Amino acid sequence: MRLRTGAVAALAVLVTGCGIRTTSVPVDAGAAPSRVPCNVTEAAPSQGVLVRAFLVCGSQLEPVDRRSPQPEDKVSGDPVRTAAALLAQLLAEPSEAERQAGFTTAVRAPLEVAGGRADDPEGTLRLSRQPEDLAPAALSQLVCTFAESSAGAGGHTVLLAGPGAYPPKRYRCTTQLRERPESAPATAPVPTPARTPAEPPAG
């Protein structure tokens, strides 16, 4: 009996020395985490204007090339129409090839985009809902999709506001936001609208 007890003690010392913690309870580590490809092998249709939308894939934002059915002069020539065409892409359900690659969209209808008001800085886009009321991933999709297009305000940013009286904010599409779309988008200072000098009174 002493011999067996000594052998068990020696085995425990060896296991402890190797850095292995002993337990009497079976441990189920679960299945290995699955990895989605986030790569659409199917080429975008040849008809329409090529646009780029940011979708959610693997808890990150990834760009996807799409074809907009709108005429090229209406998409590329006007920032508001460009934003409207891109919003339509974000509202659309991913294609079968995109779903198989792991892509989803958090942007939900009803949602519309229009130009800014007279006292807004140039390039402002106003949504039919307050940006802060959108799901974080949806707002991140909008920010990066608009900011990386001709609808953006330059420097990977976009000026967004809602239908209320609140002033627009300059949202920035950063690497951190693309890696963590559930976080709040970073903001930057908003340019002050240029005012036309008042004319001197006549006489």
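These legends describe close-up views of one predicted model.

**View 1. The whole chain holds 6 helices and 8 strands.**
Start at the N terminus. The elements run α-β-β-α-α-α-β-β-β-α-β-β-α-β. The chain has 203 residues, and 31% of them count as buried. Many contacts link distant parts of the sequence. Take contacts between residues at least 6 apart: 54% of these join residues at least 24 apart. The chain exposes about 13,200 Å². Carbon and sulfur atoms supply 55% of that area.

**View 2. Three strands make an open, antiparallel sheet.**
Read across the sheet and the order is E2-E1-E3. Which strands stand at the edges? They are E2 (60-68) and E3 (103-104). Each has a single partner strand, so one side of each is left without a neighbour in the sheet. Strand E1 covers residues 49-57 and pairs with E3 over 2 bridges. Here Val 56 stands opposite Thr 104 in E3.

**View 3. Helices H3 and H5 pack on the sheet.**
Helix H3 spans residues 79-91 and touches E1 and E2. The direction of H3 makes about 45° with that of E1. Helix H5 spans residues 136-147 and touches E1, E2 and E3. The direction of H5 makes about 150° with that of E1.

**View 4. Glu 98 and Arg 66 form a salt bridge.**
Side chains of opposite charge can pair when their charged atoms come close. In this pair, the closest N and O atoms are 2.8 Å apart. Glu 98 lies in helix H4 (residues 96-100), and Arg 66 lies in strand E2, so the pair ties together parts that are 32 residues apart in sequence. Are these two residues buried or exposed? Glu 98 is buried, and so is Arg 66. A search of the whole structure finds 5 salt bridges, and this pair is a salt bridge too.

**View 5. Two further salt bridges involve Arg 126 with Asp 120 and Glu 132 with Lys 169.**
Between Arg 126 and Asp 120, the closest N and O atoms lie 2.8 Å apart. Both of these residues, Arg 126 and Asp 120, are buried. The side chains of Glu 132 and Lys 169 meet at 3.1 Å, N to O. Glu 132 lies in the loop between strand E5 (125-127) and H5, while Lys 169 lies in strand E7 (residues 169-172), so this pair ties together parts that are 37 residues apart in sequence. How much of Glu 132 is accessible? Its relative accessibility is 43%, so Glu 132 counts as partly exposed. Lys 169 is also partly exposed, with a relative accessible area of 37%.

**View 6. The largest nonpolar core has 34 residues.**
In soluble globular proteins, nonpolar side chains tend to be buried together. Which members of this core touch the most other members? They are Leu 125, Leu 127, Leu 142, Val 143, Phe 146, Val 158 and Leu 160. E1, E2, H3, E5, H5 and strand E6 (157-161) each supply at least two residues of the core. H5 gives the largest share, 8 residues. Now focus on Leu 125. Leaving out residues up to four places away in sequence, Leu 125 touches several residues, among them Pro 79, Val 80, Ala 83, Phe 146, Val 158 and Leu 160.

**View 7. Gln 89 sits in helix H3.**
Gln 89 has a relative accessible area of 9%, under the 20% limit, so Gln 89 is buried. What does Gln 89 touch, not counting residues up to four places away in sequence? The contacts are Val 51, Ala 53, Arg 66, Arg 67, Ser 68 and Pro 69. One of them, Arg 66, lies in strand E2 and is the partner of Glu 98 in View 4.

**View 8. Val 64 belongs to strand E2.**
At 6% relative accessibility, Val 64 counts as buried. Set aside neighbours within four places in sequence. Val 64 is then in contact with Val 51, Arg 52, Ala 53, Leu 55, Glu 98 and Phe 103. Now compare positions along the chain and in space. Val 64 and Thr 145 are 81 residues apart along the chain, and their C-alpha atoms are separated by 10.0 Å.

Conventions
Residues numbered from 1 in each chain as written. Predicted model: local features only at pLDDT ≥ 70, side-chain atom pairs only at ≥ 80, totals over all residues. Heavy atoms only, no water. Pairing = 2+ DSSP bridges. Contact = heavy atoms within 4.5 Å. Axes fitted to C-alpha atoms, helices over the stretch in contact; angles between N-to-C directions. Buried < 20%, exposed > 50% of the residue type's maximum accessible area, 1.4 Å probe, protein only. Core = buried A, V, L, I, M, F, W, Y, C linked by side-chain atoms within 4.5 Å. Areas by Shrake-Rupley, 256 points an atom, 1.4 Å probe, with all protein chains shown as cover.
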